[in-house]
Amino acid sequence: MERTTHNDALRSREIHLQTLFLAGLGGDERAYGTFLKDLSGHIRGFVRTRLQRQPGEVEDLLQEVLLAVHNGRQTYRADQPLTAWVFAITRYKLTDFFRGRSRNELLNDSLDDVAELFAEPHLEPEQAHRDLGKLLEQLPERQRLPIQQVKLEGLSVAESAQMTGLSESAVKIGIHRGLKALADRI
């Protein structure tokens, strides 16, 4: 029953927003203003949950999304759900935000560790080992230990299973998931 009520609320919101938007496209400025105001509340909540660490960026990103919705309003197809169209625009703007943020953070990184930037070639293996250690520390034990034992120390899957108390399948799964998690972090 509660799920039906939730779905009904979503459908009602979709119809409400779409009606206002289409009226705005037809020249009703008041309906378009109401659409933007109502849409802002929904987008703000969505963006706020994704930018919890950057609350000051929420309003800027909201404005970018609203501007993109406005500028792209002629691309909307009335036979498609409006909220899906808006969600796609919002997702692209969020992706652009995070992409730009990553670049800016890389460009504005502190040069306190400038020595690492110009490391001597003979120190590279030691630094790579240290960096790998830091990455492995972020993994759960069920993934970290099998990777260390099988991939770094050269033990067999059976030996790692015996040492960790995991099944051989669990060791293989731990290695697979751990390597995937490391690749994602890198």
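A residue is called buried when its relative accessible area is under 20%, and partly exposed between that value and 50%. The legends below refer to a predicted model.

**Figure 1. Close-up of the aromatic pair Tyr-76 and Trp-85.** Trp-85 has a relative accessibility of 16% and therefore counts as buried. Tyr-76, at 8% relative accessible area, is likewise buried. The ring centres of Tyr-76 and Trp-85 are 5.3 Å apart, and because their planes meet at 55°, the pair is classed as tilted. Both residues belong to a cluster linked by ring pairs, together with Phe-21, Tyr-32 and Phe-35.

**Figure 2. Close-up of the aromatic pair Phe-97 and Phe-98.** The two rings are arranged edge-to-face, with 5.3 Å from centre to centre and 70° between the planes. Phe-97 is buried, at 16% relative accessibility, whereas Phe-98 is partly exposed, at 35%. The model holds eight aromatic pairs by the ring-centre rule.

**Figure 3. Close-up of arginine side chains over aromatic rings.** The charged end of Arg-50 is placed over the ring of Phe-46, at 3.8 Å from the ring centre. Arg-91 lies over the face of Tyr-92, with 5.5 Å to the ring centre.

**Figure 4. Close-up of the largest pocket.** Its volume is about 200 Å³. Helices α1 (2–25), α2 (29–50) and α4 (82–107) each give two or more residues to the lining. Among the lining residues are Arg-13, Leu-17, His-42, Phe-46, Thr-83 and Phe-87. By class, the lining comprises six nonpolar, three polar and one charged residues. Phe-46, one of the lining residues, is also the ring beneath the charged end of Arg-50.

Technical notes. Residues numbered from 1 in each chain as written. Predicted model: local features only at pLDDT ≥ 70, side-chain atom pairs only at ≥ 80, totals over all residues. Heavy atoms only, no water. 1 Å grid on protein atoms, 1.4 Å probe; cavity = no way out; pocket = protein on both sides within 12 Å on 5 of 7 lines; lining within 4 Å. Points joined across faces, edges and corners; volume = space filled by probe spheres on them. Helix = DSSP H or I, 4+ residues; strand = E, 2+ residues; numbered from the N terminus. Nonpolar A, V, L, I, M, F, W, Y, C, P; charged D, E, K, R; others polar. Phe/Tyr/Trp six-rings, centres within 6.5 Å; stacked < 30°, edge-to-face > 60°. Buried < 20%, exposed > 50% of the residue type's maximum accessible area, 1.4 Å probe, protein only. Lys NZ or Arg CZ within 6 Å of the ring centre and 35° of its normal.
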